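Trainee: Hey, got a minute to go through a protein model with me? I'd like to start with what sits inside.
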Amino acid sequence: MAVDAAAATVKLHRILLSWDYWELVRKAEEGGGPFDNLRRVPDNFKDIKEYKEVFEPLLLEECCAQILRGVEEGEVLTPHPCAVATSDSRTEFHYARLVLKPGENEHYSDNDLVLLSKENPMDEEDNDGRSSAGRQVSALGFCEGREGEQSVRVKFLLTDESQLSSPSSLSRVRAVRHGLSSPNSTWWLLKLSNMSTITREWSAMQNAECSPFVDILLSGKPRSAPSSKHMDIPPGMNATMEAQCNPSQMEALRAGLDGTPLVLIQGPPGTGKTRTILNLLSVVMHSAQKGSLELMRHGPNGEEAGAREQRYAAQSLPLEERQQLWHAQAPWAAGQPNPRDLVTPYHEGPLASTKAGNNCWGLLQPQRIARVGRDSAAKAHLLVCAPSNSALDEIVLRILKTGLMDKDGNMFAPSLVRVGVNVHHSIRAVSLDAIVNARLGGDAADGK
């Protein structure tokens with residue numbers, strides 16, 4: 001089943017762009033939101049339809065809160081004067097190219113939710129109610145990109161059908177639609193919030209039936225865990241983490257190692273969620289397959305590796321299992337062929353004697369090298385994703401400040417590359433662009 005992200009995005013835009021911003025502000029001041037009643041979240045759901053019916057309003061409530069957050073937290077919102085350059089309607093949406101002062105379009109980016117208003121939305125209402133009347137000629141829009149140094153392209157929903165559930169807003173959308181049809185008409189444009197994160201969450205929810213974890217979402221119960229953990233925490237790291245973390249944090253760490261496909265870690269501010277994320281990264285980078293730690297403690301014939309290993313208190317594997325693990329890691333120790341010796345300079349078949357069958361004596365057909373002992377694990381490369389750029393930057397900043405933990409429980413500074421846009425200035429040094437520029441600059445200085 002294919003994920004239809006485009007259809008989900010269109011559905012979200014229909015809902016958000018039909019909202020009256022000032023009506024949302026009024027309801028928020030009265031302690032309300034876009035929905036008068038919200039369903040209680042059950043422990044489990046009978047089907048995917050019920051799941052969406054419960055979570056759609058909740059996500060839209062979150063979206064409304066994000067839109068109004070700047071107002072509630074006293075953030076300084078800066079509206080910009082603009083003029084209509086072009087305006088056209090395609091399908092149900094209306095598109096307008098708005099011209100701002102030079103350089104001001106840099107404040108806007110794709111997926112920004114903006115407010116278009118005939119009057120300055122930040123002006124206080126005067127005695128004759130002028131600002132209040134001007135607020136009636138306003139509409140929410142999605143920024144679809146910048147054009148040149150002065151223009152932005154904005155998408156609106158201004159059809160009469162979009163206001164069937166709110167007849168009082170019908171005159172509002174008609175006034176905006178009429179105003180945008182007049183070239184060079186002047187307006188005010190205000191960025192409210194970027195909707196990229198909400199859009200991803202909405203698309204994931206709308207296509208929840210495509211998720212490999214849909215059974216977990218509906219039942220509210222994890223699948224049966226494997227009989228044994230997939231990975232072990234190295235003893236030195238485990239001892240340090242147990243000294244630094246509370247029981248719930250250690251439980252979260254171990255939950256990600258038992259093969260469960262989905263782990264949810266939640267908690268109020270100040271409970272150590274970010275610290276737990278960093279510990280999880282440390283564990284994933286230095287954990288070993290179940291039983292691999294035993295290979296570091298015992299030789300293939302069961303002999304102890306030395307007094308250094310006596311500090312490990314874990315129970316030893318039976319001799320037969322240790323021998324099986326060693327033979328899997330190093331087949332040549334049991335008289336089996338070395339995997340690297342299996343590579344031949346020519347493919348088998350009719351092309352074996354031709355130049356086309358030459359694979360450069362194995363260079364074009366490499367075999368995975370088997371390693372045992374202290375370096376038995378592959379060098380870890382982790383891709384860390386977050387629902388927003390700011391959340392990702394927070395994780396990167398914490399790693400830069402505190403580092404990660406190695407297998408012995410000591411802190412170290414890992415190599416980091418921040419990929420993506422809108423990188424915070426505090427971590428710009430590890431952004432991909434900064435690293436590339438530094439490398440190119442170094443090469444130029446060296447005459448390369």
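Mentor: Sure, one term to begin with: a nonpolar core is a set of buried Ala, Val, Leu, Ile, Met, Phe, Trp, Tyr and Cys residues joined through side-chain atoms within 4.5 Å. Also keep in mind that this is a predicted model.

Trainee: Okay, so which residues touch the most other members in the largest nonpolar core?
Mentor: That core has 34 residues, and the ones touching the most other members are Leu16, Trp19, Tyr21, Ile67, Leu140 and Met195. Several elements each supply at least two residues, including helix H1 (5-17), helix H2 (21-29) and strand S4 (138-147). H3 gives the most, with eight residues.

Trainee: What does Leu16 touch, leaving out residues up to four places away in sequence?
Mentor: Leu16 touches Leu60, Cys63, Leu140, Phe142 and Met195. Apart from that core lies another one of 19 residues, with Val84, Cys143, Val173 and Trp187 among them.

Trainee: Why would residues like that gather inside?
Mentor: In soluble globular proteins, nonpolar side chains tend to be buried together.

Trainee: New topic: how many helices and strands does the protein chain have?
Mentor: You'll find 14 helices and ten strands in the protein chain. Buried residues make up 35% of its 448 residues.

Trainee: And how are the strands of the barrel ordered?
Mentor: Six strands form a closed barrel in the order S1-S2-S5-S4-S3-S6, with antiparallel pairing. From one strand to the next, the twist averages 45°.

Trainee: How many bridges join S3 to S6?
Mentor: Six bridges join S3 to S6, and the two run antiparallel. As one spot to look at, Ser117 stands opposite Trp188 in S6.

Trainee: Which strands does H1 lie across?
Mentor: H1 lies across S2, S3, S4 and strand S5 (151-156), and H1 runs at about 135° to S4. Helix H5 (residues 170-180) packs on the sheet too, touching strand S1 (80-90), S2, S3, S4, S5 and S6. The direction of H5 makes about 40° with that of S4.

Trainee: Last one, Asn120. Is Asn120 buried or exposed?
Mentor: Asn120 counts as buried because its relative accessibility is 14%, and the cut-off for buried is under 20%. Asn120 is found in the loop between S3 and helix H4 (130-135).

Trainee: What does Asn120 touch, again skipping residues up to four places away in sequence?
Mentor: Asn120 touches Pro79 and Trp188. A polar atom of the Asn120 side chain also lies 2.9 Å from the backbone nitrogen of Met122.

Definitions and conventions: Residues are numbered from 1 along each chain as its sequence is written. This is a predicted model: local features need pLDDT of at least 70, side-chain atom pairs count only at pLDDT 80 or more; totals for chains, interfaces and linings use all residues. Side-chain values use heavy atoms; hydrogens and water are left out. Buried means under 20% relative accessible area, exposed over 50%, partly exposed in between (1.4 Å probe, protein chains only). Helices (H or I, at least four residues) and strands (E, at least two) are DSSP runs, numbered from the N terminus. Contact means heavy atoms within 4.5 Å. A polar contact is a pair of N or O atoms within 3.5 Å; within protein, one must be able to donate a hydrogen and the other to accept it, and residues adjacent in sequence count only if both atoms are side-chain atoms. Two strands pair if DSSP finds at least two bridges between them. Axes are lines fitted to C-alpha atoms, for helices over the stretch in contact, and angles run from 0 to 180 degrees between N-to-C directions.
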